[in-house]
Amino acid sequence: RYDYMKTHPSEKMHLAVVACGERLEETVTMLRSAIIFSIKPLQFHIFAEDQLHESFRDILDDFPYEGKVNYTLYPITFPTESAAEWKKLFKPCASQRLFLPLILKNVDSLLYVDTDILFLRPVDDIWSFLGKFNSTQIAAMAPEHEEPRIGWYNRFARHPYYGVTGINSGVMLMNMTRIRRKYFKNDMTPVRLQWAEILMPLLKKYKLNITWGDQDLLNIMFFHNPESLYVFPCQWNYRPDHCIYGSNCKEAEEEGVFILHGNRGVYHDDKQPTFRAVYEAIKNYSFGGDLVRSLLQPLELELRKTMHTYCGRVYKVFIKQLTKSIRDLYARGSKG
């Protein structure tokens, strides 16, 4: 086993996000959630359209990091010969994540997250999964669905996908050194291809058959190389699909949600008020304020108002780990 934590005891945790269009506020809220609870230092890699860079700087430079966080802003860049094709794949800029191992050449390991992610536990918790990778695993993701009857890939996909219900790429932990070194099996040539060689041929072969862009390409890749993927339980990428038709993430029912993923735009409309309540609570929390009185208690009051919805009926899964994170944070502070 690759004993990551013992060999890298004090290394920074590297977190990457790609922000385009109207995603500034959402991205900043995600970064806030990462900062509040994390223990080891964080290095943010923020890939954003040029017009967003100044706003990011203005906001992030005002955060009270206490030496805990550094950030680097990058432009959105794709391979020159096919930039237009990659940019229009799925949502603007989404496929940027596929090129992170090639752009961040000096970063050994990386946690990529979508802008609509909220950390309810320290980033350290998911980062520790790097130490659980076996010798063949290069990345970790959660399943796209727990319940095949409502699964998208197993019902509609016109391309290969990983496992029973596919994988969701909104939270992706990567050992990028291994990704850069690996030669991938594929259905285009008997010759194994490296990461930089396989992306464009995959797009050319499947572009008429893929719906979810870069996530579909990752599903195809890990379908052919299943030994390379470590699969997270669903509480590490908890989405509306886990509760809107009835609760179907057993691990979250038992332990609570570790990472919340508000896809489908649920932080910004009234369709799933439980998700929106968590987002608003973290967005409005003032750094340094009392986490119980300023975050947890007001949030629980809001969540109780959502019990008319399926997700609201299991609202306690949304605060179970948040409560533990706050307790742990104050325990560390008292020891310090």
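**View 1. Glu302 is partly exposed, with a relative accessibility of 37%.** This close-up, like those that follow, is drawn from a predicted model. Glu302 takes part in a salt bridge with Lys305, and the closest N and O atoms of the two residues are 2.9 Å apart. Lys305 counts as exposed because its relative accessible area is 56%, and exposed residues are those over 50%. Glu302, at 37%, falls in the range between buried, under 20%, and exposed, over 50%. Side chains of opposite charge can pair when their charged atoms come close.

**View 2. Arg276 and Glu280 form a salt bridge within helix α12.** The N-to-O distance between the two side chains is 3.9 Å. Both residues belong to helix α12, which covers residues 273-284, and they stand 4 residues apart, about one turn of the helix. An α-helix has 3.6 residues a turn, so residues three or four places apart point the same way. Arg276 is partly exposed, at 28% relative accessibility, and Glu280 is likewise partly exposed, at 22%. The pair also belongs to a network of salt bridges that links Glu25, Asp270, Arg276, Glu280 and Lys283.

**View 3. A salt bridge connects Glu144 with Arg239.** In the structure as a whole, 20 salt bridges are found. For Glu144 and Arg239, the closest N and O atoms are 4.0 Å apart. Glu144 is in the loop between β6 and α7 (153-156), whereas Arg239 is in the loop between β10 and α11 (250-255), so the salt bridge ties together parts that are 95 residues apart in sequence. Are these two residues buried or exposed? Glu144 is buried, with a relative accessible area of 11%, and Arg239 is also buried, with a relative accessibility of 1%. Both values meet the cut-off for burial, which is under 20%.

**View 4. Strand β6 pairs with strands β7 and β10.** Strand β6 consists of residues 139-143 and is mostly covered, as 5 of its 5 residues are buried. With strand β7 (residues 167-175), β6 runs antiparallel, and 4 bridges join the two strands. In this pairing, Ala142 is placed opposite Asn168 of β7. With strand β10 (residues 229-231), β6 pairs in the parallel sense over 3 bridges. Here Ala139 is placed opposite Leu229 of β10.

**View 5. Strand β4 is covered on both faces.** In strand β4 (residues 109-113), 5 of the 5 residues are buried, so the strand is largely enclosed by the rest of the structure. In a regular strand the side chains alternate between the two faces of the sheet. In β4, Ser109, Leu111 and Val113 are on one side, Leu110 and Tyr112 are on the other, and all are buried. Which strands pair with β4? Strand β1 (residues 13-19) is joined to β4 by 2 bridges and runs parallel to it; within this pairing, Ala16 has Tyr112 as its bridge partner. Strand β7 pairs with β4 in the antiparallel sense over 5 bridges, and Val113 of β4 has Val171 as its bridge partner.

**View 6. Helix α10 is largely enclosed by the rest of the structure.** The helix spans residues 214-224, and this description applies because 10 of its 11 residues are buried. Among the buried residues are Leu217, Leu218, Ile220, Met221 and Phe222. Asp214, Gln215, Asp216, Asn219 and His224 are buried as well.

**View 7. Gln96 is a buried residue in a loop.** The loop that holds Gln96 lies between α4 (83-87) and α5 (100-103). The relative accessible area of Gln96 is 0%, which means that the residue counts as buried. Gln96 and Val17 are 79 residues apart along the chain, and their C-alpha atoms are separated by 9.4 Å.

**View 8. Glu54, Asp58, Asp61 and Asp62 form a negative surface patch.** Glu54 is placed in helix α3, which covers residues 53-60. Is Glu54 buried or exposed? Glu54 is exposed, because its relative accessibility is 57% and the cut-off for exposed is over 50%.

Terms used. Residues are numbered from 1 along each chain as its sequence is written. This is a predicted model: local features need pLDDT of at least 70, side-chain atom pairs count only at pLDDT 80 or more; totals for chains, interfaces and linings use all residues. Side-chain values use heavy atoms; hydrogens and water are left out. Patches are made of residues with over 30% relative accessible area and no salt bridge: like charges are joined within 9 Å, nonpolar side chains (Val, Leu, Ile, Met, Phe, Trp, Tyr) within 5 Å. Accessible areas come from the Shrake-Rupley method with a 1.4 Å probe; for residues, only the protein chains shown count as cover. Lys and Arg count as positive and Asp and Glu as negative; His and the chain ends are not counted. The place of a charge is taken as NZ of Lys, CZ of Arg, CG of Asp or CD of Glu. Buried means under 20% relative accessible area, exposed over 50%, partly exposed in between (1.4 Å probe, protein chains only). Two strands pair if DSSP finds at least two bridges between them.
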